[in-house]
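Please look at the sequence and the structure shown here before reading the briefing below.

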Amino acid sequence: MYLYDPIDQRLVEERVAQFRDQTRRFLAGQLSEDDFRPLRLRNGLYIQKRAPMLRVAIPYGLLSATQLRKLAHIARTYDRGCGHFSTRQNIQFNWPRLEDVPEILAELATVQMHAIQTSGNCVRNITTDHFAGVAPDEIVDPFVWAEVMRQWSTLHPEFGFLPRKFKIAINGSVEDRAATLVHDIGLHAVRSDSSEIGFRVIVGGGLGRTPIIGHVIRECLPWRHLLTYLDAILRGYNRYGRRDNKYKARIKILVKDLTPAGFAEQVEAEWAHLKDGPGTLIQEEIDRVAQQFTRPAYATVDPVLRKQEEVRYDARLAADRAFARWVERNVQAHRVAGYAAVTLSLKKTGVPPGDATADQMDAVADLAERHSFGEIRVSHEQNLVLPDVPVRDLHELWGRLKELGFATPNIGLLTNIISCPGGDFCSLANAVSIPVAEAIQRRFDDLDYLYDIGELDLNISGCMNACGHHHVGNIGILGVDKNGEEWYQITIGGRQGAQAALGRVIGPSVARDEVPDVIERLIAVYLEQRESEHERFVDVVHRLGIEPFKSHVYDYAD
Amino acid sequence: MTTLIKQRRIASDGWRVIGLPNEPIAGPLPTEGDIIVPLAVWRGQQAALLGRQGRTGVWLEGAEDPAVLFSSGFIPELIAVRFPTFTDGRGYSAARLLRERHGFRGELRAIGDVLRDTLFDLARCGFDAFALRDDQDADAAVAAFDEFSEVYQAGADRGPLFTRRVEGTPA
């Protein structure tokens, strides 16, 4: 955890006071709806279909047990006992009262949290790998850099009113678990030949109405220049990004219009003025931020004892198939021997993906304290992670997670669905998402069948804004409106990670009750065509193209 | 009535902005009095402007490139940047360029949709004068400059917090 110093703390408190005054003026009729809207949005407050929605920032997806308990308290006191973890590692409350929001923010500030820039046309929460710091394939721990950027972006005076929202993701491992290629800016922390930390800079990726994979504009930017280079990118975007059409206002359109090479040239020209200026990072600051992070004090276990533990653990795996399955899917390797990272699946059938009740949050906070040094991560796949669990605790933890409904062994499988809140909550949506996710989960509720299908990402968005990342799902489902009716367009072949690709539409959209059948037919083609069980669904789509899938889905319909 | 805030105080204003979008310039420019003219007029009529009795400032839209002011001719003592709506953030970049790139030291005035809620950021980008939108509470607006006691980033007003942290001099 990054621990606030007195200045960090004072700043969030001053932001609460500022927003409290703005809300007071709005409620007193001294601030018009038109003036208040952009101001409240900069603080994560939407007015939704049924009630306001407050999005609380979870910087780079990192939470302490204390913070999670506070979120539970807020869910219980100001909401209807539930919160929704989003694909940007944040949490959303769907039922707060507008007049309570300043108080909620004040409560958040007591645990070093806030809702600053979780919405609005500004730099949003910076996201990263949910296995940061613990992944065996990590090159650079991204947390320190994510925090440095959090501070840089927080209340940035120049970039508070950009043409459109702006999302930055950073990844520090071989595997890209932060979807960096589909962000406005994606950063890969790398090491140069001389082992200096640098960043590969990718711009102009994004989903939404115009899905685009980002372009590399710098292979290795030395770390000192990170913030001045970001300033150069943002300044060019702020000045030249389109403001006449909100659907063409994201930086990806500017990059496309100028061509990536042309955009890179513009950035370099601007950066020539900023390089080595006051914003240039210094080693002392990096060290200071690193020291403000608490780190787990991993135990060194006597080798003989460890051997005994391993034998016991292996015996359990062999004896208990359900436990072994859960370990196979939901437990990930750790860079420290004797530890593992555990993913808590928030994708149980019948529960909206990413939802957790106040009681569940409290229970997870307790488990984090008992088994994981009091730390929790939120993943962009809308699950929670206990990052530092001793292997000897796994069996006990599994038992507790089963009671909580968080042990569904489906990480990486078809039912680990990413879904936006959809038409049940969101006023932008064309169609519902959550009931569609549930219908699919019910259809694929047989675990043996699910395991046979193997790795498959299925993502659902209720509209073009693509909050459910449907473009990068191996199977993507997009809700569309046809003359006031809900229909669903299906794409296949999308994927996230270092080989990110956008899915292709298989044909005309289908009615809501047909969606599970369509998915089943896609799976049937895959199972018939795969060369072995090691060839995943997405591999078969890329090998054969969409034709065999398309014809089976639509011939069937005729 | 538009209130002007200058150097964090309510100030009287002798300047008149002319040529705003809904008030096209009719007839010749006034020769007397202090006026703020559009960038196009500034660029097209420099000789006439130099012969005026009163002082002349220039205003530009956030979308216009401030660099053209420094490419030829004389530099005005007052530059205003217009915000068509307060959510159009281009004027913030224009201000920083004027101060930090071009070294402009004269009065830099925010005009148009200027709200008390944006004063803090505007000031950080180098504005030192603010012609508030008519409905704004001027006394409350003056207090907005103190909404935050510290700032993280480098701006036109000061360097980044991390430098002050190292020096042990944060606010």
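The notes that follow take up the sheet of chain B, its helix α3 and the contact between the chains.

This is a predicted model, in which local features need pLDDT of at least 70 and side-chain atom pairs count only at pLDDT 80 or more, while totals for chains, interfaces and linings use all residues. Residues are numbered from 1 along each chain as its sequence is written, and chains are lettered from A in the order in which they are written.

**The sheet of chain B**
- In chain B, 8 strands (DSSP runs of E, at least two residues, numbered from the N terminus) form an open sheet with mixed pairing, in the order β2-β1-β8-β7-β6-β5-β4-β3.
- Strands pair if DSSP finds at least two bridges between them, and β2 (9–11) and β3 (15–17) of chain B each have a single partner strand, so one side of each is left without a neighbour in the sheet.
- The strands β3(B) and β4 (residues 34–38) of chain B run parallel and are joined by 3 bridges, and Val17(B) has Ile36(B) in β4(B) as its bridge partner.

**The helix α3**
- The helix α3(B) (helices are DSSP runs of H or I, at least four residues) lies across β5 (56–61), β6 (78–83) and β7 (107–112) of chain B.
- With angles running from 0 to 180 degrees between N-to-C directions, and axes fitted as lines to C-alpha atoms, for helices over the stretch in contact, α3(B) runs at about 165° to β6(B).

**The contact between the chains**
- The contact, for which C-beta atoms placed from the backbone must lie within 7 Å, takes 29 residues from chain B and 31 residues from chain A.
- On the side of chain B that touches chain A, the largest share, 5 residues, comes from α3(B).

Note on methods: Contact = placed C-beta atoms within 7 Å.
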